[in-house]
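Student: Please take a close look at the largest pocket and at the strands that line it. I should like the account to define each term as it arises.

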Amino acid sequence: MRKKILVAAAVIAAALLVGLSFAFFAPKAQSAEKTVTVQVVAEKEGVNKSFTYRTERAFMADLLEDEKKDLKPEMENGPYGKFVSGLLGIRADPKKEYYNIKVDGKDAVQGISELPLKDKSKITFTLTPL
């Protein structure tokens, strides 16, 4: 019984440590006006489109919501926050693919609700097989 309590305490401590490290070291959003490029790539559909926006929004989910007309985002709530399930009318089949997100060529470390927007950033959504 004591061993189970120690294991549970260690798991909780590790989860807190990971959460705190994200809080302190995660990139911060800029609240001023910025220019952001959003690229959508779906090779199987022959789609590779880029859009450039001027926005004061701090996070990607808000920009997607603002630009519904162009990007036609489909977003769902998951266990880790919102995620993109479709763009430009192209919906990911959750059994086979997902939208991978890169910021300036590097994999995003947050979901779209926490993904900060920075001036001159390029955010790429690529429909990717599992």
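Tutor: A pocket is defined on a 1 Å grid over the protein atoms alone, as an open set of points with protein on both sides within 12 Å along at least five of seven lines, and its lining residues have an atom within 4 Å of a point. Grid points are joined across faces, edges and corners, and the volume is the space filled by probe spheres set on the points, the probe being 1.4 Å. By this procedure the volume of the largest pocket is about 590 Å³. Its lining comprises 26 residues, of which Tyr80, Lys82, Phe83, Val84 and Gly111 are the closest to the centre. Three elements each give two or more residues to that lining, namely β3 (74–78), β4 (81–87) and β6 (97–103).

The model is a predicted one: local features need pLDDT of at least 70 and side-chain atom pairs pLDDT 80 or more, whereas totals for chains, interfaces and linings use all residues. Residues are numbered from 1 along each chain as its sequence is written, and side-chain values use heavy atoms, with hydrogens and water left out.

The elements themselves are DSSP runs numbered from the N terminus, helices being H or I of at least four residues and strands E of at least two. The protein chain has 3 helices and 8 strands, arranged from the N terminus as α-β-β-α-α-β-β-β-β-β-β.

Two of the lining strands, β3 and β4, belong to an open sheet of 3 strands in the order β3-β4-β5, paired antiparallel; two strands pair if DSSP finds at least two bridges between them. The edges of this sheet are β3 and β5 (90–91); each has a single partner strand, so one side of each lacks a neighbour in the sheet. The antiparallel pairing of β4 with β5 rests on 2 bridges, and one bridge sets Gly86 against Arg91 in β5.

The remaining lining strand, β6, lies in an open sheet of 5 strands with mixed pairing, in the order β2-β1-β8-β6-β7. Here β2 (47–55) and β7 (106–107) are the edge strands, each pairing on one side only. Between β6 and β7, which run antiparallel, there are 2 bridges, and Val103 stands opposite Lys106 in β7. The loop between these two strands holds Asp104, a residue with a positive phi of about 50° although it is not a glycine. Asp104 has a relative accessible area of 47% and is therefore partly exposed; the classes are buried under 20%, exposed over 50% and partly exposed in between, with a 1.4 Å probe and protein chains only.

Within β6, Ile101 deserves separate attention. Ile101 counts as buried because its relative accessibility is 13%. Beyond its neighbours within four places in sequence, Ile101 is in contact (heavy atoms within 4.5 Å) with Lys106, Asp107, Ala108, Ile112, Leu115, Ile123, Thr124 and Phe125. The C-alpha atoms of Ile101 and Thr124 are 5.6 Å apart, with 23 residues of separation along the chain.

The loop between β7 and β8 (121–129) contains Lys120, another residue other than glycine with a positive phi, near 70°. With a relative accessible area of 70%, Lys120 is exposed.

From β8 the sheet continues to β1, the two strands pairing in the parallel sense over 6 bridges; Thr37 has Lys122 in β8 as its bridge partner. Strand β1 (34–42) is mostly covered, as 7 of its 9 residues are buried. On the side of β2, 9 bridges join the antiparallel strands β1 and β2, and Thr35 stands opposite Arg54 in β2. These two strands form a hairpin with 4 residues between them, and Gly46 in the turn has a positive phi of about 70°. Phe51 and Tyr53 are both buried.

For the chain as a whole, 31% of the 130 residues count as buried. Among contacts with a separation of 6 or more, 52% join residues 24 or more positions apart.
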